[in-house]
Amino acid sequence: MESTAPVTTAQANASSSTPSGASGPTADRVSSHTHVKGLGLSEFGTVDVNANCGLVGQVPAREACGLVVDLIQAQKLAGRALLLVGPPGTGKTALALAMAKELGPAVPFCPMVASQVYSKEVKKTEMLTTSFRKAIGLRIREQKEVYEGEVTELTVEETQDALQHANTYGRTIAHVTLSLKTTKGTQTLKLDPTMYESLAKENVTIGDVIYIESNSGAVKRVGRSDTFATEFDLEAEEYVPLPKGDVHKRRQVVQDVSLHDLDLANAQPSGNSSRKDVVSLMASLGRPKKTEITDKLRTEINKVVTKYIQDGVAELVPGVLFIDEVHMLDQECFTFLNRSLESRLSPIVVLATNRGVTHVRGTGSGGQDGGGVKAPHGIPVDLLDRLLIVPTRVYSEPEMRDILRLRAATESIVLDDAATLGKLAEIGTRTSLRYAVQLLTPAHILASCSGRTIVSPRDVEEADLLFLDGKASAQRLSQMEGFLE
Ligand SMILES: Nc1ncnc2c1ncn2[C@@H]1O[C@H](COP(=O)(O)OP(=O)(O)OP(=O)(O)O)[C@@H](O)[C@H]1O
């Protein structure tokens, strides 16, 4: 029986041909943008103040970014670029991340800081090319033979020969007997001992719905069969219906990879394989021993990709390349960007800078930073002309208060009342939003040193006395001119 229901990216990633970039579950750390969940727009594209998206204010910028997300989703913005401009700490990076969240995990989002292009070993243009290709996705549809069903029997037959089949779980296994049930019937499979590790890694137990790829042996636990849904009152499990049709079937598996994944997987020490079809491209994903990715290899991969797009086997998914602090790029990189934006295989480029009129790096030898030509945002006018520019503005005190409230909740810090937030927002207006956010943790530590779990305005004041913000430090230096020399 043939099933055409596409599996999700997560399911596709269970395959052994998963791109090297796709990783397993990672522990979430609280970072400076953890609270940002999306742009928080209504279906009409206007800011929804009740949306729990983690963003505060910046209404026109959020609506403009929402429009860009729509254009990206409609695949109408490929090869264009957006520039976010505004003073430091006004949420340019937060907006770019919110756009990525809106686009979802299937659309590649490759963030980088412009200074990353400067390396002793790798050319600047090579760095940019790699980032461009990381931001271009390819959705490949493959027909795969799979066994799918609810596990009704899972028996591990152990062997007497302790040396022969010892696995990493310390058991010596002869074979595994697995019975899978679907709405149509049950099939019992005798599995190779090596498959035990895959089953153990996915924590497969009786009652789980799983699928196994027959050619690679990759096992994916889809969820728990919904016949067990009433087992507990509270559960973190995902319940899924009993699969339909036969246990053994062909199904369409959708895999999302980036062009860079394919480049990397196909970089071989001794020339390139003459056989370049989608299967060999994908099969190379797990192969060790890679060498440099050459332009020739990229051209070859592009040819195969173009052919498979034309044949309808694969679909191009232009993602987003985000370059922060873009004024750090030089003339050479800007020329490269200009040319690359015109290429057919180009992602959407989102740039951000907090600079006004400044030197373009790499133009002449006049300025201290080697720049002779000045341009708005340090970007040559010919590139600037191609960009859609979205400005961000500084926050008002109430907006700062809202952002600080969100940050405190994200960092699990309890503030005693509006007075503490007011104090922090006042400090933020005098100094900067970042400084006020950074005071949260020290104030929390000071509160716990005094045996309290709730942070009071006094803790904030005390923390503020211990540290200097950027402006205060600059002022202090101008007062003590020459003292530090
Ligand atoms: N509108 C907002 N809503 C919620 N949080 C925000 C908002 N704007 C900024 N922040 C938070 O404030 C901090 C600084 O913002 P961000 O790094 O995005 O600023 P930026 O404009 O990129 O600064 P820079 O120009 O220095 O790179 C981050 O923790 C960010 O998540």
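Which domains each give at least three residues to the shell around the ligand? I opened the notebook with that one. Domain 2 (31-135 + 319-391) and domain 4 (397-478) each do so. I note that I am working from a predicted model.

**Entry 1: the whole chain**

I looked up the overall make-up. The protein has 15 helices and 18 strands. Of its 485 residues, 38% count as buried. I also checked how the contacts spread along the sequence. Among contacts with a separation of 6 or more, 67% join residues 24 or more positions apart.

Next I took down the domain bounds. The assignment gives domain 1 (2-8 + 143-254), domain 2 (31-135 + 319-391), domain 3 (257-314) and domain 4 (397-478).

**Entry 2: the ligand shell**

I went back to the ligand. There are 23 residues around the ligand, and P88, G91, K92, T93 and N354 come nearest. I then asked which elements give two or more residues to this shell. They are helix 3 (92-103), helix 11 (397-410) and helix 13 (433-449).

I sorted the shell by class. I count ten nonpolar residues, eleven polar and two charged.

**Entry 3: domain 2 against domain 4**

Domains 2 and 4 both feed the shell, and I looked at how they meet. Their C-alpha centres lie 30 Å apart. Six residues of domain 2 and nine residues of domain 4 make the contact. On the domain 2 side I find one nonpolar residue, five polar and no charged.

**Entry 4: the five-stranded sheet**

I traced a sheet next. It is open, has five strands in the order 3-12-13-2-16, and its pairing is parallel. Which strands stand at the edges? Strand 3 and strand 16 (387-391) do. Each has a single partner strand, so one side of each has no neighbour in the sheet. I also noted the twist. Neighbouring strands are turned by 20 degrees against each other on average, direction ignored.

I checked what lies over this sheet. Helix 2 (residues 59-73) lies across strand 2 (81-85), strand 12, strand 13 (348-353) and strand 16. Helix 2 runs at about 150 degrees to strand 16.

**Entry 5: strand 12**

I followed strand 12 (residues 320-324) through its pairings. Strand 12 runs parallel to strand 3, and five bridges join the two. One bridge pairs P111 with F322. Another pairs V113 with D324. Strand 12 also pairs with strand 13, again in the parallel sense, over four bridges. There I find I323 bridged to L351.

Is strand 12 largely enclosed or open? Five of its five residues are buried, so strand 12 is largely enclosed by the rest of the structure. I looked at the side-chain directions too. V320, F322 and D324 point one way, while L321 and I323 point the other way. Residues on both faces of strand 12 are buried.

**Entry 6: P111**

I picked P111 on the edge strand. P111 lies in strand 3 (residues 109-113). Why does P111 count as partly exposed? It has 18 other C-beta atoms within 10 Å, and 20 or more would make a residue buried. Its bridge partner F322 in strand 12 is buried.

I also took one long-range distance. P111 and E411 are 300 residues apart in sequence. In space they are 24 Å apart, C-alpha to C-alpha.

**Entry 7: T188**

I turned to T188, which is found in strand 6 (residues 186-191). Is T188 buried or exposed? T188 has 12 C-beta neighbours inside 10 Å, so it counts as exposed; the cut-off for exposed is 12 or fewer.

What does T188 touch? Leaving out residues up to four places away in sequence, I find E153, T177 and S179. I checked V247 as well. T188 and V247 are 59 residues apart along the chain, and their C-alpha atoms are separated by 9.5 Å.

**Entry 8: helix 4 and helix 6**

Last, I looked at a helix pair. The axes of helix 4 (residues 124-134) and helix 6 (residues 259-266) come within 6 Å. They cross at roughly 115 degrees. Which residues make the contact? Helix 4 gives T130, R133 and K134, and helix 6 gives L259, H260 and D263. By class I log one nonpolar residue, two polar and three charged.

Technical notes: Residues are numbered from 1 along each chain as its sequence is written. This is a predicted model: local features need pLDDT of at least 70, side-chain atom pairs count only at pLDDT 80 or more; totals for chains, interfaces and linings use all residues. Two strands pair if DSSP finds at least two bridges between them. Axes are lines fitted to C-alpha atoms, for helices over the stretch in contact, and angles run from 0 to 180 degrees between N-to-C directions. Two residues are in contact if their C-beta atoms, placed from the backbone, lie within 7 Å. A residue is near a molecule or strand if its C-beta atom, placed from the backbone, lies within 6 Å of it. Ala, Val, Leu, Ile, Met, Phe, Trp, Tyr, Cys and Pro count as nonpolar, Asp, Glu, Lys and Arg as charged, and the others, Gly among them, as polar. Domain bounds come from an automatic or database domain assignment.
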